[in-house]
Amino acid sequence: MVETWPKGVFPARLIEKLHAEGAIIASRTFDTDQVQPASLDLRLGKTAFRVRSSFLPGPSHSVAERIEALKLHEIDLSKGAVLERGCVYLVPLEESLALPPEVSASANPKSSTGRLDVFTRVIGDRARGFDQLPAGYTGPLYLEISPRTFPVLVRAGSRLSQMRFRCGDSRLSVAEHQALHASDTLVIGGDVPVGEGIALSIDLRGQGRDGLIGFRSKRHTAVVDVDRKATLDVRDFWDPLYAHGQSELILDPDEFYILVSLEAVHVPPTHAAEMVPFDPLVGEFRVHYAGFFDPGFGHSAAGGTGSRAVLEVRSREVPFLLGHGQTIGRLIYEALAEQPDRLYGTDLGSNYQAQTLKLSKHFKAFDG
């Protein structure tokens, strides 16, 4: 009997079922926390290839064939290695796919990866696009890694990206977004436009007595070990930014910023959401590397009341002026294929539930 998969984004139970039925193949047993409420963390393999440039293999080539033509050298990740900023690396992942004909997959950097300005994209054989694996894809997975700001120490098993699985197109229509917002209040605070997704605006008036609005990365810093939590001093890597009564910020195209939404975000247990990373309708900047919001993010029953969206921001070509309350991004919601058996929250050790302005998990708490 042919398996029939339900329409929608797969929660953890269905991801585990894909794995059990051989649609997700791993070189070793899954880590205990590898399956998230509606996504799967992907693990680096033992070898990284430094390549001359980013690429897509196209319909006539495998990724391995392109690596062979473009590689500069191989790096052993079994004991850890530093990936330098400004370079491009390809790493075969420990997971590969043999998807059912009706199931597709998409990928995004993990939140902690994006907040370090580490640009990652998943590539499959004969792919025509990044981070997208078509329904029925069978083959290996590779991760392109390009640190943009900090050199990073990674090792075999490090988890920099995550993957979602879905059957069909489960993105909500304009009317469905409006109905879900009316029933479940998807964002709290501000005058929120609801259309093709939920608009988010930027908080530039600041938090606390000092009016902290965000952080701008420093250059020529020490290495960040991606697998170590709360070990780094913030001021060694970041300059804090304060409002000073101006409520405006000019983005320099050569800089990387961590900012925060004015509104609190709510993802109901029946849905997942994704941030649109670059939207020319609101400005020439990229607002998010890590776009997945799992079911339960910001949900009060999961300990998430008041969870803001932390934004990794880069201006593209020119300096760009942001003002307080200006629209900076959109959240697109999707229906889950079934009720999830776990939610994003404290019970899973989630790092960013109930967050306001927060750097990645690698840094100690900032005392202002």
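Visitor: What is the relative accessible area of lysine 218?
Guide: Welcome! The model in front of you is predicted, and lysine 218 is found in the loop between β18 (212–217) and β19 (224–225). Buried would mean under 20% and exposed would mean over 50%. Lysine 218 is partly exposed because its relative accessible area falls in between, at 26%.

Visitor: The backbone oxygen of which residue lies 2.5 Å from a polar atom of the side chain of lysine 218?
Guide: Leaving aside neighbours within four places in sequence, lysine 218 is in contact with Thr149, Phe150, Arg235, Asp236, Phe237, Trp238 and Asp239. One of these has its C-alpha atom 8.7 Å from that of lysine 218, although the two are 17 residues apart along the chain. The backbone oxygen at 2.5 Å belongs to arginine 235.

Visitor: Which residues are linked into a cluster by ring pairs?
Guide: Some of the names will be familiar, since Phe150, Phe237 and Trp238 are among the contacts of lysine 218. By the rule used here, the aromatic pairs come to nine. The cluster linked by ring pairs consists of Phe150, Phe215, Phe237, Trp238, Phe256, Phe363 and Phe366.

Visitor: What kind of aromatic pair do tryptophan 5 and phenylalanine 10 form?
Guide: A pair of aromatic rings is described by the distance of the centres and the angle of the planes. For tryptophan 5 and phenylalanine 10, the centres are 5.5 Å apart and the planes make an angle of 25°. Planes under 30 degrees apart count as one kind, so the pair of tryptophan 5 and phenylalanine 10 is stacked.

Visitor: And what kind of pair do phenylalanine 293 and phenylalanine 297 form?
Guide: Both phenylalanine 293 and phenylalanine 297 are buried. Their ring centres lie 5.1 Å apart, with 85° between the planes. An angle over 60 degrees sets the label, so this pair is edge-to-face.

Visitor: Are tryptophan 5 and phenylalanine 10 buried or exposed?
Guide: Tryptophan 5 has a relative accessibility of 6%, and phenylalanine 10 has a relative accessible area of 0%. The cut-off for this class is under 20%. Therefore tryptophan 5 and phenylalanine 10 both count as buried.

Visitor: The charged end of which residue sits over the ring of tryptophan 5?
Guide: Charges over rings turn up at more than one place, so to speak: arginine 121, for instance, lies over the face of phenylalanine 130, at 3.5 Å from the ring centre. At tryptophan 5, the charged end is 5.3 Å from the ring centre and belongs to lysine 17.

Visitor: How many residues does the largest nonpolar core have?
Guide: In soluble globular proteins, nonpolar side chains tend to be buried together. In this model, the residues with the most contacts inside the largest core are Phe10, Leu44, Leu97, Met163, Phe165 and Trp238. This core draws at least three residues from each of domain 1 (8–167) and domain 2 (174–335). The number of residues in the largest core is 58.

Visitor: How many residues are in the other core, the one that includes Leu249?
Guide: This core lies apart from the largest one, and Phe293, Phe297 and Leu322 are among its members. Phenylalanine 293 and phenylalanine 297 also form the edge-to-face pair. The residues of this other core number 31.

Visitor: The side chains of which residues make polar contacts with the side chain of aspartate 41?
Guide: Aspartate 41 lies in strand β4 (residues 39–43) and counts as buried because its relative accessibility is 1%. Not counting residues up to four places away in sequence, aspartate 41 touches Asp33, Gln34, Gln36, Glu95, Lys110, Arg159, Ser161 and Gln162. Side-chain polar contacts come at 3.1 Å from lysine 110 and at 2.8 Å from arginine 159.

Visitor: Which backbone oxygen does the side chain of serine 261 reach?
Guide: Serine 261 is in strand β22 (residues 257–265) and is buried, at 0% relative accessibility. Not counting residues up to four places away in sequence, serine 261 touches Ser201, Asp203, Arg308, Ala309 and Leu311. The backbone oxygen reached by its side chain, at 2.6 Å, is that of glutamate 263.

Visitor: What percentage of the residues count as buried?
Guide: The secondary structure comes to four helices and 28 strands, and the protein has 368 residues. The share of these residues that count as buried is 56%.

Methods:
Residues numbered from 1 in each chain as written. Predicted model: local features only at pLDDT ≥ 70, side-chain atom pairs only at ≥ 80, totals over all residues. Heavy atoms only, no water. Phe/Tyr/Trp six-rings, centres within 6.5 Å; stacked < 30°, edge-to-face > 60°. Buried < 20%, exposed > 50% of the residue type's maximum accessible area, 1.4 Å probe, protein only. Lys NZ or Arg CZ within 6 Å of the ring centre and 35° of its normal. Helix = DSSP H or I, 4+ residues; strand = E, 2+ residues; numbered from the N terminus. Contact = heavy atoms within 4.5 Å. Polar contact = N/O pair within 3.5 Å; in protein donor to acceptor, adjacent residues only side chain to side chain. Core = buried A, V, L, I, M, F, W, Y, C linked by side-chain atoms within 4.5 Å. Domains from an automatic or database assignment.
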